[in-house]
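Here are a few friendly notes to read alongside the model. Take them one at a time, with the structure open beside you.

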Amino acid sequence: MIYRETGQFKANYADDQALFPIAQDRYVVIAALIVAFGVVPMVLNQYWLNAIMLPFLIYSLAALGLNILTGYCGQVSLGTGGFMAVGAFAVYKLMVAFPELGFIPLVILSGLITAAVGSLFGLPSLRIKGFYLAVATLASQFFLIWLFNKVGWFFNYNATGMITSPPMTMFGVIITGPEGSPMAKYFLVATIVAVFALVAKNIARGRIGRNWMAIRDMDIAAELIGVRPLIAKLSAFAVSSFYIGMAGALYFAVWLGSAEPTEAFDINQSFLVLFMIIIGGLGSVLGSFLGAGFLVLMPILLKNILVDGFGTDSALAAHIEIMTVGALIIIFLIVEPHGLARLWRIAKEKLRLWPFPY
Amino acid sequence: MTFFIEVTLSGLMAGVMYSLVALGFVLIFKASGIFNFAQGVMALFAALTLVGFMDEFGMPIWLAIIGTIAVMIALAWVIERVMLRHLVNQEPIILFMATIGLAYVLEGLGDILWGSDVKMLDIGIPQGASDWMLDTFDIYIEKLEIFAAATAATLVIFLAIFFQKTRIGRALRAVADDHQAALSVGISLHTIWVIVWSVSGIVALVAGIMWGSKSGVQFSLSLIALKALPVLILGGFTSVPGAIIGGMIIGVGEKLAEVYLGPFVGGALENWFAYMLALAFLLFRPQGLFGERIIERV
C-alpha cells in the first residue's frame with residue numbers, strides 16, 4: 001500500500017509526461033537530493049568525502065555514460081578507460097590554455113571533445129557487432145593511452161609525462177588539485193552528477209532513447225521500422241563518451257589532482273566501469289549509481305576488514321581482496337544477473353501490495 | 001633483404017606464441033559460446049603451478065607436468081560445477097563478465113598459493129640462437145621460437161584428430177553446432193563443458209610453458225590474453241586454423257610495424273598496432289577471416 005499509484009489522476013498532458021509520474025518516485029528523488037546536498041556534507045568527515053563519496057560520484061557518472069552505450073544501445077565497449085583519459089587530457093589542456101572560462105564550462109567542453117573522439121571510434125560499430133566490437137573497442141583503449149604517453153603536446157612536454165591539475169577557483173574556493181577542500185569538491189561533483197543524471201533519464205525515455213533501445217533489442221528489425229542505425233549508434237557513442245569524458249575530467253582534475261595515463265586510465269578502469277553497470281543493472285539510471293556504490297565501497301570494506309580486523313599483512317590482503325572481488329562478482333552474476341536495479345524493481349512491486357501478498 | 005626475412009620470420013614465430021593462447025579461447029567459444037577472458041590467467045596459473053611443483057616439491061619435470069594437467073582438469077571441473085552450471089542460458093555479456101571475475105579469482109589464488117615473485121621456468125627447452133640457421137642462411141632465430149612453432153603444429157594436429165575422429169570430439173562439435181539438438185540426442189552438456197575447459201586448460205599450460213620459458217613466470221604473463229584478442233577477431237572466434245593464421249598475420253604485422261614504422265612515431269607500437277590491424281580486417285570481413293558467416297534473421 002506504500003507504493004501505490006491508485007488515485008493519482010493526471011489532469012493534463014504535462015502531468016502525464018512528467019519525468020517521475022508517480023508521487024512516491026518524486027518523494028524518493030527529492031529525499032535523495034536532500035540527503036546528498038544536506039545530510040551527507042554535514043555528517044561525513046573529510047576522509048569519507050574524499051575517499052568514498054568523490055570516487056563514488058565520479059564513477060557513477062562514468063557508469064551512466066557506459067550504461068547509455070551498453071545498457072540502452074546494446075553496444076559493448078571496453079574503451080571506457082581510454083575515453084576517460086581523453087576527458088582528463090582535454091580538461092588539462094583547456095585549464096592551462098583558457099583558465100578564465102571557469103571550471104564547469106571547461107568540463108563540459110572536454111566532454112564535448114570526448115564525444116567527438118568517441119563517435120569516431122564508434123564508426124566500426126556500424127559494421128561489427130557483439131564481441132568482435134567489444135574487442136575492437138579495445139583498440140581505442142590502447143591507442144589513446146599510447147597517444148597520451150608518446151605525444152608531448154598533450155602533457156605540455158614535461159619530463160615526467162604526468163599531468164597535474166592547476167588550482168582553479170569557483171566562488172572564491174579552490175576546487176581542483178590537492179589544495180581544494182573536499183567539501184567544495186563534493187558539492188561541485190554532486191551538482192554535476194545530479195544534473196546530468198536527470199538529463200540521462202530524460203534522454204533515455206525520449207525519442208532518441210527509444211531508438212537506442214530498438215537498436216539494442218534487434219538492430220535489423222529496428223532498421224526496418226525506420227530507425228537509422230548510423231544516427232542511433234553514433235549518437236549513443238557520442239552521448240556516452242560525453243558523460244565518460246566529463247567523468248574522466250572530474251576524476252583527474254578534482255579527485256586525483258595529477259595523473260599518469262598508463263596508471264590511471266588502464267584497461268582495468270574499463271572493466272571496473274563495465275562491472276558497475278552489470279552489477280547495478282543494464283539500462284537503468286539508478287543501476288549506474290548502485291553499481292558504482294557497490295564497487296567503490298566493497299574493496300575499501302574488504303581491505304578494512306582484512307587488514308584491521310584480522311591483521312593480515314597488506315600484500316596477502318591485496319591477493320585475498322582481488323580474489324574475493326572476483327568471487328563476489330561471479331556470485332552476484334549467478335544470483336541476480338539483472339543487477340541491483342532489478343532488486344529495487346522487485347521491492348517496488350512488493351511495496352505496491354504490502355501488507356497483502358496478492 | 002636478409003634483415004626483412006629475419007624480421008618476418010621472428011614475427012611468424014612470435015605470432016605462433018599468440019596463437020597458442022588464442023587456441024584456448026577458440027575451443028571454449030566453439031563449445032559453449034563463452035568468451036573466456038580468463039584464458040591468459042589460466043596460462044599464468046598453469047605455469048605457476050608447474051614451477052611450484054618443480055621447485056617446492058622437487059618433482060621431476062614429467063611428474064610436475066602430469067600433476068599440473070591434473071590440477072587444470074580439477075579446475076575445469078570446479079569451474080563447471082560452481083560457475084557455468086548456474087549460468088546456463090544467460091546473455092553472452094553476463095558470461096563474459098563472469099569469466100573476468102574468474103580471472104580475478106585465479107590471479108589471487110595463484111599468488112596466494114605460489115607467491116607473486118618472478119620465477120624462472122626451465123624444463124629443458126633449448127635456448128639461444130639456432131646455429132644451423134645462422135650458419136646456413138645467416139638468419140638469427142631463437143631455438144625456443146622454433147620449438148614453440150613445432151609444439152603448436154603438434155598441438156593443432158592433435159586437436160584436429162581429437163575433434164574429427166574421436167567420439168568425444170564428435171560430441172564437442174555437435175554441442176558447438178546446436179546446444180539443444182545435442183542435448184536431445186543424449187549428449188551431456190555438463191560433461192562436454194568439463195572436457196572442453198580441461199582441454200583449453202592443457203592448451204593454457206602449453207602456452208604458459210612457452211611464454212614462461214621465454215620471459216619468466218610472472219603476473220605480466222596473464223596480459224598475453226590481451227595479445228591474443230586481436231588474433232581472435234582477426235581469425236574468427238570459431239576457427240582453429242583462423243587462430244593460427246591470425247596469430248601469424250598479427251605477429252608479422254606487429255614486428256614489421258615496430259621495425260619500419262616505430263622509429264617515426266616514437267616506438268611502443270606493439271600495444272595497439274595489432275588491434276588496429278585486426279580492426280582494419282574486420283571492416284571488410286565482420287566475422288573475421290575464417291569465422292562462420294553471421295546470418296541474421298528478423
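1. Which element of chain B has the lowest mean pLDDT, and which the highest? Helix H5 (residues 131-136) of chain B has the lowest, 65, and helix H3 (residues 61-82) of chain B the highest, 89. Here pLDDT is the predictor's confidence in each residue, from 0 to 100, and helices are DSSP runs of H or I with at least four residues, numbered from the N terminus.

2. This is a predicted model, in which local features need pLDDT of at least 70 and side-chain atom pairs count only at pLDDT 80 or more. Residues are numbered from 1 along each chain as its sequence is written, and chains are lettered from A in the order in which they are written.

3. For chain B, the mean pLDDT is 82, and 93% of the residues reach 70 or more. The model scores ipTM 0.83 and pTM 0.88.

4. Now look at helix H2 (residues 39-56) of chain B, which has 18 residues. From first C-alpha to last it reaches 25 Å, close to the 26 Å expected at 1.5 Å a residue (1.5 Å times one less than the number of residues). Is H2(B) mostly covered or mostly uncovered? Mostly covered: 16 of its 18 residues are buried, meaning under 20% relative accessible area (1.4 Å probe, protein chains only). Just after H2(B), Gly58(B) takes a positive phi of about 60 degrees.

Methods: Heavy atoms only, no water. Helix = DSSP H or I, 4+ residues; strand = E, 2+ residues; numbered from the N terminus. Buried < 20%, exposed > 50% of the residue type's maximum accessible area, 1.4 Å probe, protein only.
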